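Q: I should like to learn how strands, helices and cores are read from a model. Please take me through the features one at a time.

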Amino acid sequence: MDTKVLLPREIDLDKCITANARYESARLELEAIPRLVESVVRLEGPVVATVSFERDLNSMRLVKGKVEADVILVCERCNEEFVHHLCLEFVLTPDYERAKACNLLDKYEFIDCNDAGKIDLYDIIEDGLILEIPAFPRHDEDDPACSRTGSEWSYGEVAPEAKENPFAALAALKGSLKP
Ligand SMILES: [Zn+2]
């Protein structure tokens, strides 16, 4: 993947909208997203974003983005590190009043521009990616890399049933005594 382009941190929203600007597979500077970096064991490769700016048919200013990153997490079941793919997609707009007037409040998430009409893309992306991190990180259910796949879990569930049930044993004994 070509990640030579660096995503700018602050962008002038109206300029980007007017220009229909688009950043294709742009890399984020990791130094600028320390909260994400601290939320994982480490990042495996770059954080890559495609972000575009446009005005929709209702004249709403939209920021559309897709961000992907591979992060290392620790599996809660086996305590081993594993790679987890984070994927964040968003459609944001600062035009809350217009959305309200058009009955589109459900359709978008809202952002604020600062006084200079700029938005901080890194803040938006960092917050979004952190929310994508699973609360209980685990290998996939059937991942053979998870050392607790199968045996340990099923042991706990099967063990009580496998134990001899004294009542069943008694019933079997009674049965065998019947003429
Ligand atoms: Zn595991």
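A: We begin with burial: a residue is buried if 20 or more other C-beta atoms lie within 10 Å of its own, exposed if 12 or fewer, and partly exposed in between, with C-beta atoms placed from the backbone. Helices (H or I, at least four residues) and strands (E, at least two) are DSSP runs, numbered from the N terminus. This is a predicted model, in which local features need pLDDT of at least 70 and side-chain atom pairs count only at pLDDT 80 or more, while totals for chains, interfaces and linings use all residues. Residues are numbered from 1 along each chain as its sequence is written.

Q: How many helices and strands are there in the protein chain, and what pattern does the chain follow along the sequence?
A: The protein chain holds 6 helices and 8 strands. Read along the sequence, their pattern is β-α-β-α-β-β-β-β-α-β-β-α-α-α. Of its 179 residues, 20% count as buried.

Q: Which side chains along S5 point to one face and which to the other?
A: In a regular strand the side chains alternate between the two faces of the sheet. S5 shows this alternation: Arg61, Val63, Gly65, Val67, Ala69, Val71 and Leu73 point to one face and are buried. Leu62, Lys64, Lys66, Glu68, Asp70, Ile72 and Val74 point to the other face and are not buried.

Q: How is one residue of the face that is not buried to be read, for instance Asp70 in strand S5 (residues 61-74)?
A: Asp70 is partly exposed because 15 other C-beta atoms lie within 10 Å. Two residues are in contact if their C-beta atoms, placed from the backbone, lie within 7 Å. Not counting residues up to four places away in sequence, Asp70 touches Glu44, Gly45, Val83 and His85. Asp70 and His85 are 15 residues apart in sequence, and their C-alpha atoms are 4.5 Å apart in space.

Q: Which strands pair with S5, and in what sense?
A: Two strands pair if DSSP finds at least two bridges between them. S5 and S6 pair in the antiparallel sense over 12 bridges; Val63 has Leu92 as its partner in S6, and Gly65 stands opposite Phe90. S4 and S5 run antiparallel and are joined by 8 bridges, with Phe53 partnered by Val63 in S5. Strand S3 (residues 42-43) pairs with S5 in the antiparallel sense over 2 bridges, and Leu43 stands opposite Val71.

Q: Which strand is joined to S6 in the parallel sense?
A: S6 and strand S7 (residues 109-110) run parallel and are joined by 2 bridges. Leu92 has Glu109 as its bridge partner in S7.

Q: What phi value does Asn79 take in the hairpin of S5 and S6, and what does Ser59 take in that of S4 and S5?
A: The hairpin of S5 and S6 has 6 residues between the strands, and Asn79 takes a positive phi near 70° there. Asn79 counts as exposed because it has 9 C-beta neighbours inside 10 Å. In the hairpin of S4 and S5, with 5 residues between the strands, Ser59 has a positive phi near 70°.

Q: Which residues have the most contacts inside the largest nonpolar core?
A: In soluble globular proteins, nonpolar side chains tend to be buried together. A nonpolar core is a set of buried Ala, Val, Leu, Ile, Met, Phe, Trp, Tyr and Cys residues joined through C-beta atoms within 7 Å. The largest such core has 26 residues, and those with the most contacts inside it are Val47, Ala49, Val67, Leu121, Ile125 and Leu129. Helix H1 (13-18), S4, S5, S6 and H4 are the elements that give two or more residues to this core. S5 gives the most, with 5 residues. Leaving aside residues up to four places away in sequence, Val67 touches Val47, Ala49, Leu88, Ile125, Gly128 and Leu129.

Q: Which residues of H4 are buried, and what covers them?
A: An α-helix has 3.6 residues a turn, so residues three or four places apart point the same way. In H4 the buried residues are Leu121, Ile124, Ile125, Glu126 and Leu129. Their cover includes strand S1 (10-12), helix H2 (34-39), strand S4 (48-55), S5, strand S6 (81-93) and strand S8 (118-120).
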